[in-house]
Amino acid sequence: RRELPDGGARPSAAQFKQLVVSALRELHGEVGAALPVDVLTYEEKTLCAILRVISSGFVKLWSALTLLGFYQNRRCAFRVLQASPFLIALSGNSRELVLD
Amino acid sequence: AARPRRYVLCEVVSDEPRCRQGFEERAVGLAVRDAIARVHGDYGLGCCSISFTVKYLNAYTGVVLLRCRKDACGLLCSALPFVRQLESRNQRYPCVLNTLHVGGTIRTCQKFLIQYNRRQLLLLLQNCTNEEERRCVQKSLLSCSLTEEQSQSGDEEDDDGTE
């Protein structure tokens, strides 16, 4: 999950994807921009998204998002809430699971 | 090895005959760095620029020797096909870079270059159109092979006689 705090403008899903790809292009060039990144879910209200990337590109994606500073001339930051190889792990904290 | 480096030998191929004028170390270095920035971004540019220089350049044959760090060699070699033009003195010359050899020392690259030039001379001899060119190339072939291998030069003269 990624959280993106922002001042005013709220990007749509397509603009969010464009933002991610442009961050990759800045840090890692055409090779980075060609990395297949999928936006699985995106909530415009909370500006939260779940991204999927091939494991060899994980480091590139995280570093590119960390170093992205601006969206439409406004300062912004990506905050990574959780990273996991399994999608189901993102749905809740497995340590709080109670087995009956 | 102390400060691991890789030396990449490449050849600049261009259709335009005026390209030789734009052949400067600075222009080639800038063109390569620009290609790395386009293909690998800020990270690639920073990674490759640590120890990057143009070590040797031959304007007549278009051979360039680049030096880079061993870790960045893969990034550099993958970005070389994306060099499209050389810019110097506000003139742009379209060109293509062919990678000939990647070596760990300048000496290995030099050895390769000598052998490569010999092979190129032989190819030129086959493609010669008029007699004068043929004589010039034959002379340079014989002069370069006489110094090292005396026995082989005898064989080459026999071949030229039968041709």
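## Polar contacts, salt bridges and the A–B interface

The side chains of Arg5(B) and Ser51(B) are joined by a polar contact of 2.9 Å. A polar contact here is a pair of N or O atoms within 3.5 Å; within protein, one must be able to donate a hydrogen and the other to accept it, and residues adjacent in sequence count only if both atoms are side-chain atoms. The model is predicted, with local features needing pLDDT of at least 70 and side-chain atom pairs counting only at pLDDT 80 or more, while totals for chains, interfaces and linings use all residues. Residues are numbered from 1 along each chain as its sequence is written, chains are lettered from A and ligands numbered from 1 in the order in which they are written, and side-chain values use heavy atoms, with hydrogens and water left out.

**Arg5(B) and chain B**

Arg5(B) belongs to strand β1 (residues 5-13) of chain B. Helices (H or I, at least four residues) and strands (E, at least two) are DSSP runs, numbered from the N terminus. Arg5(B) is buried but takes part in no salt bridge, and the nearest side chain of opposite charge, Asp71(B), is 11 Å away. For this purpose Lys and Arg count as positive and Asp and Glu as negative; His and the chain ends are not counted. Buried means under 20% relative accessible area, exposed over 50%, and partly exposed in between (1.4 Å probe, protein chains only). A salt bridge is a side-chain nitrogen of Lys or Arg within 4 Å of a carboxyl oxygen of Asp or Glu. Leaving aside residues up to four places away in sequence, Arg5(B) touches Ser51(B), Arg67(B), Cys68(B), Lys70(B) and Gly104(B), where contact means heavy atoms within 4.5 Å.

Chain B as a whole has five helices and six strands. Along the sequence they follow the pattern β-α-β-β-α-β-β-β-α-α-α. Of the 163 residues in chain B, 36% are buried. Among its contacts between residues at least 6 apart in sequence, 66% join residues at least 24 apart.

**Salt bridges**

Side chains of opposite charge can pair when their charged atoms come close. Over all chains the count is four salt bridges, and between chain A and chain B it is zero. The table includes three pairs.

| Salt bridge | Closest N to O distance |
|---|---|
| Glu30(A) with Arg25(A) | 3.3 Å |
| Arg52(A) with Asp38(A) | 3.0 Å |
| Asp34(B) with Arg38(B) | 3.5 Å |

The pair of Arg52(A) and Asp38(A) links distant parts of the chain: Arg52(A) is in strand β3 (residues 48-53) of chain A and Asp38(A) in strand β2 (residues 37-43) of chain A, 14 residues apart. Arg52(A) is partly exposed at 46% relative accessible area, and Asp38(A) is partly exposed at 30%. In chain B, Asp34(B) and Arg38(B) both lie in helix α1 (residues 25-49), four residues apart, about one turn of the helix. Asp34(B) is partly exposed, with 42% relative accessibility, and Arg38(B) is partly exposed, with 30%. For the remaining pair in the table, Glu30(A) has a relative accessible area of 40% and is partly exposed, while Arg25(A) is partly exposed at 38%.

**The interface of chains A and B**

Seven residues of chain A are in contact with eight residues of chain B. About 480 Å² is buried between the two chains, and carbon and sulfur atoms give 54% of this area. Buried area is the accessible area (1.4 Å probe) that two parts lose on being put together, summed over both. On the side of chain A that touches chain B there are two nonpolar, two polar and three charged residues. In this classification Ala, Val, Leu, Ile, Met, Phe, Trp, Tyr, Cys and Pro count as nonpolar, Asp, Glu, Lys and Arg as charged, and the others, Gly among them, as polar. Six residue pairs are in polar contact across the interface of chain A and chain B (both at pLDDT 80 or more).

His28(A) lies in helix α1 of chain A and is buried, with a relative accessible area of 6%. Not counting residues up to four places away in sequence, His28(A) touches Lys60(A) and Ser63(A) as well as Val39(B), His40(B), Gly41(B) and Tyr43(B).

**Two further residues of chain A**

Gly32(A) is in helix α1 (residues 13-33) of chain A and is buried at 0% relative accessible area. The C-alpha atoms of Gly32(A) and Lys60(A) are 7.2 Å apart, with their positions 28 residues apart along the chain. Leu47(A) is found in the loop between β2 and β3 of chain A. Leu47(A) is not a glycine, yet has a positive phi of about 55 degrees. Its relative accessible area is 3%, and Leu47(A) is therefore buried.
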